Amino acid sequence: MRAFFLALALAGFALAGPAAAQTPVVTVSEPWVRATVAQQQATGAFMRLSASQNARLVAASSPVAGLTEIHEMTVVNDVMRMRAIAGLDLPAAQAVELRPGGYHVMLMQLRQPLNAGERVAITLVFEDANRQRFTQTIEAPVLPLGAAAAGAHGHGGPGHGAHAAPGGHGHGHAPAAPAAPQRP
């Protein structure tokens with residue numbers, strides 16, 4: 001009888017294990033890509049990321065770019081600096097903005113110019129707290145150079161409002177990308 005209860009308990013743990021280690025859900029909202037001009041080899045992709053559990057954006061790729069990196073833009077001694085980063089933390093239940101003048105996905109070695117009105121597929125690679133990777137592919141509209149994103153408006157509160165870099169423009173409000181996470 002003891003063996004029966006032990007087997008039943010182990011079966012219960014086996015069933016609870018996958019449920020306890022669920023993949024975080026990352027909601028991607030308001031994605032957009034800045035249009036380019038002829039001969040331009042790089043542009044930025046911007047969006048808002050919200051994770052249901054602690055996660056991390058660790059990579060990205062796109063069929064329109066030969067190289068895609070996660071970047072951070074900062075001002076040091078009145079000089080704007082941009083650099084690639086290994087990943088971007090996504091704290092549970094907190095929106096993280098990827099916007100001009102801050103964090104963004106950099107699309108480099110572009111294979112063709114990106115024109116306003118087109119859509120760009122971007123695959124985002126995330127890690128959960130156990131360093132398990134999962135992906136999510138979104139479609140981001142390409143918005144014109146110098147134009148505010150469709151329906152752009154301020155959000156109020158710290159870190160929100162008209163997110164603009166010098167010579168840049170505010171962030172966009174496109175429909176959310178409800179793609180399901182996929183394990184690679």
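Here are some short exercises on a predicted model, each with a worked solution.

Before starting, note that residues are numbered from 1 along each chain as its sequence is written. In this predicted model, local features need pLDDT of at least 70 and side-chain atom pairs count only at pLDDT 80 or more, while totals for chains, interfaces and linings use all residues; side-chain values use heavy atoms, with hydrogens and water left out.

**Exercise 1. Confidence**

Task: Find the mean pLDDT of the protein and see how residues 4-10 and residues 148-183 fare.

Solution:
- Start with the term: pLDDT is the predictor's confidence in each residue, from 0 to 100.
- The protein has a mean pLDDT of 78, and 68% of its residues reach 70 or more.
- Residues 4-10 have pLDDT below 50, and this stretch makes zero contacts (heavy atoms within 4.5 Å) beyond near neighbours in sequence.
- Residues 148-183 also stay under 50, yet the model gives them 77 contacts beyond four places in sequence.
- Predicted coordinates should not be read in detail where pLDDT is low.

**Exercise 2. Glu-72 and its partner**

Task: Place Glu-72 in its strand, decide whether Glu-72 is buried or exposed, and work out which side chain it meets in a salt bridge.

Solution:
- Glu-72 sits in strand 4, residues 65-76. Strands are DSSP runs of E with at least two residues, numbered from the N terminus.
- Its relative accessible area is 15%, so Glu-72 is buried (buried is under 20% relative accessible area, exposed over 50%, partly exposed in between, with a 1.4 Å probe and protein chains only).
- The partner is Arg-83: the two side chains form a salt bridge of 2.8 Å, N to O. The term means a side-chain nitrogen of Lys or Arg within 4 Å of a carboxyl oxygen of Asp or Glu.
- Because Arg-83 belongs to strand 5 (residues 79-84) and Glu-72 to strand 4, the pair ties together parts eleven residues apart in sequence.
- Leaving out residues up to four places away in sequence, Glu-72 touches several residues, including Met-82, Ile-85 and Tyr-103.

**Exercise 3. More salt bridges**

Task: Count the salt bridges in the structure, then describe those of Glu-127 with Arg-131 and Arg-133.

Solution:
- The structure has six salt bridges.
- Between Glu-127 and Arg-131, the closest N and O atoms are 3.7 Å apart; between Glu-127 and Arg-133, they are 3.2 Å apart.
- Glu-127 is buried at 9% relative accessible area, Arg-131 is exposed at 63%, and Arg-133 is partly exposed at 39%.
- Elsewhere, a network of salt bridges links Glu-30, Arg-48 and Glu-97.

**Exercise 4. Rings and core**

Task: Say how many aromatic pairs there are, describe Trp-32 with Phe-46, and name the residues with the most contacts inside the largest nonpolar core.

Solution:
- There are two aromatic pairs. Rings of Phe, Tyr and Trp (its six-membered ring) pair if their centres lie within 6.5 Å; planes under 30 degrees apart count as stacked, over 60 as edge-to-face and the rest as tilted.
- For Trp-32 and Phe-46, the centres are 4.6 Å apart and the planes at 35 degrees, so this pair is tilted.
- Trp-32 and Phe-46 are both buried.
- The largest nonpolar core holds 31 residues, and Leu-49 and Leu-124 have the most contacts inside it. Such a core is a set of buried Ala, Val, Leu, Ile, Met, Phe, Trp, Tyr and Cys residues joined through side-chain atoms within 4.5 Å.

Notes. Helix = DSSP H or I, 4+ residues; strand = E, 2+ residues; numbered from the N terminus.
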